[in-house]
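Visitor: I'm new to this structure, and I'd rather get to know one corner of it well than rush through everything. Please pick a single part and take me through it slowly.

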Amino acid sequence: MKPRKLLSVYSLLGVIMLAFSISMILSFNNLRKYEKLAQSEVTDATWIIYQAEIELTRFLNSLDVYMFGETSIYSREDVIERMEIFWSRLPLFLEGREGRKLSKIGNTQEAARTALDVLERMEPRVIALERGDTEEYLDIRAELRGLLEPLHKTLMDARQWQEGAALIRSERLDRGYIELLLASVGILMSGGCLLLLLLHEIREARRAQVSEKSALSRLSDAIESFSDGFSLFDKDDRLVMCNQEFRRMHPQATDKLVPGVEFEKIVRANVDKGQILEAIGQEDEWVKRRMRLHRNPGGDFEIKFADGHWLRISERRTGDGGCVSIRTDITALKQRQEDLSSQQQRADSANKAKTDFLLTMSHELRTPLNAIMGFSEVMKQQLRGPLGDARYVDYANDIYDSANHLLAVISNILDISRIEAGRLELDEQAVVIGDEIDKALRQLEEEARGADVKLASEIEPDLPLLLGDAHKIQQIVINLVGNAVRYMPDSGRVTVRAHREQEGGIVLNVEDDGAGMSAEDVERVISPFVRLSNPMVRAHDGTGLGLPLVKALVELHGGQFMLASEVGKGTTGTAIFPKSRVIQPEATLLQDGSA
């Protein structure tokens, strides 16, 4: 071949090789461009959202253990630290390059702002939360738990977005590979370029594998750092992964806890070795119930194991049909509950012994007191002749009055003891409540005059009859009015009112314009044997049984007793008898007609 022609052939071959090389380079650049685009879209968004959800769960668990566990497990500072860790995850949703990417995913940023608002409102309440403040804890936990669903929905949106991005990448890569196929002839003529491309792809693949292993390692480290047991099962109920704490909680099934084992085999391993107390004697039935609960998880539940430890189990379904399980050791909490229950039983036994003792002693004391009162009455009236000295008559009066007071105290103690023991019964009859009020006020007239206290009554006209114990209703009025008169600092007024309430019951009010009490004193005086330590109270005899006895007698009628007072403005005692004890006028008419 002529040199010129050869040169032309070489030139043509060079042009062809150059063209195919350029085509190869362009195809490769397109592939890299699409790959970089996909890599820029498939970011750590899902990981950021997942971390936030996990931190919120850990925060809630630490709050639960802080409220009901031992102080050695979680302190207030631990709970606050968990809250701050969760808080620190949320700005990533709103700021920087990741924030811009997350803004494209559903309501991600709205959920983050809502969570920040809730945390800002909850922070002072969490910091101020004390152990035992159950109502505040339940309110705080309800608001915080409300953040889980938006975060979980956001995670699902991120996964869908990631899948969409992967689809776009796949379509673009498919077009790139078509271009690469068209350039395959050029690759054959430029083996060196192909070799370089292959070497480059191998390096990129290795880098991707290293990156993937690093991400999995970070995820594994995060799960291992949980203080609770964590496990993940796929849609076929096979174990994907679990942490060391999960294995520690199931020592009898450790050999079963390998990736790929079915969930039912783990359950049966514990049941067959007698680890589940509830399952003993009904193993198959218990396993079936457990599997139904696992496949359709609802709320949290608890299981007691044979070695005495308790687990609280929380299971949730994942978007792909799998199941995430978090297990918390609540043995210390359960032990504390058992101790409290045991203490309550001992307290109830002691209270019953006290009641029985008071009942016995009250009966024993009344017999000699009746004799003392009888003989002092004889001496006071000098029925057996003059005593010889007028002072002896005064002494006899003092003996009689003291014995009478002591007998009243013993009667009150006996009534309260009978009520506590469930032995006091009502002598039920149709009671005209206005008549009983008048009888009580007549008994207190002399004492009221001596204290310069005016007694008044305001009875609603046509008030219906009340089914109750007339003597005990009169006793309620005497105790309330007597207290008001006895502790009136100067001259004053005591008013007794009776009227029909809106719900149909009957309300009895005793109102005075005396010195009144503080809110703390109101709570105390309703308890038996409590007297206030002020000069007015100490100036009068009493055991602090009057108001507790009133409360017990009202409740014996199925009613409610309330005491309201304000320092310097007086006190109002209110007894509400329920509608069920009101005898309707039409019922009375029917009875009269039948007679």
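Guide: Let's start at a turn: in the hairpin made by β4 and β5, 5 residues sit between the strands, and one residue to look for is G321, with a positive phi near 95°. Before going on, keep in mind that this is a predicted model, where local features need pLDDT of at least 70 and side-chain atom pairs count only at pLDDT 80 or more, while totals for chains, interfaces and linings use all residues. Residues are numbered from 1 along each chain as its sequence is written, and side-chain values use heavy atoms, with hydrogens and water left out.

The names come from DSSP runs numbered from the N terminus: helices are H or I runs of at least four residues, strands are E runs of at least two. Two strands count as paired if DSSP finds at least two bridges between them. In general, strands of a sheet pair through backbone hydrogen bonds, either parallel or antiparallel.

Back to our hairpin. β4 and β5 run antiparallel, joined by 7 bridges. To see one pairing up close, find R317, which stands opposite C323 in β5.

Now look at the other partner of β4. Strand β3 (residues 301–304) pairs with β4 over 4 bridges, again in the antiparallel sense. Here I303 has L311 of β4 as its bridge partner. β3 and β4 make a hairpin too, with 5 residues between them, and G308 in that turn has a positive phi of about 100°.

How much of β4 is buried? Counting as buried anything under 20% relative accessible area (exposed is over 50%, partly exposed in between, with a 1.4 Å probe and protein chains only), 6 of the 8 residues of β4 are buried, so to speak "mostly covered".

Next, bring in a helix, α11, which spans residues 263–272. Its buried residues are F263, I266, V267, A269, N270 and V271. These pack against β4 (310–317) and β5 (323–329), and also against β1 (229–233) and α12 (283–295). Contact here means heavy atoms within 4.5 Å. Just after α11 comes G274, whose phi is positive, near 70°.

To retrace the path: β4 pairs with β3 over 4 bridges and with β5 over 7, and the buried residues of α11 pack against both β4 and β5.
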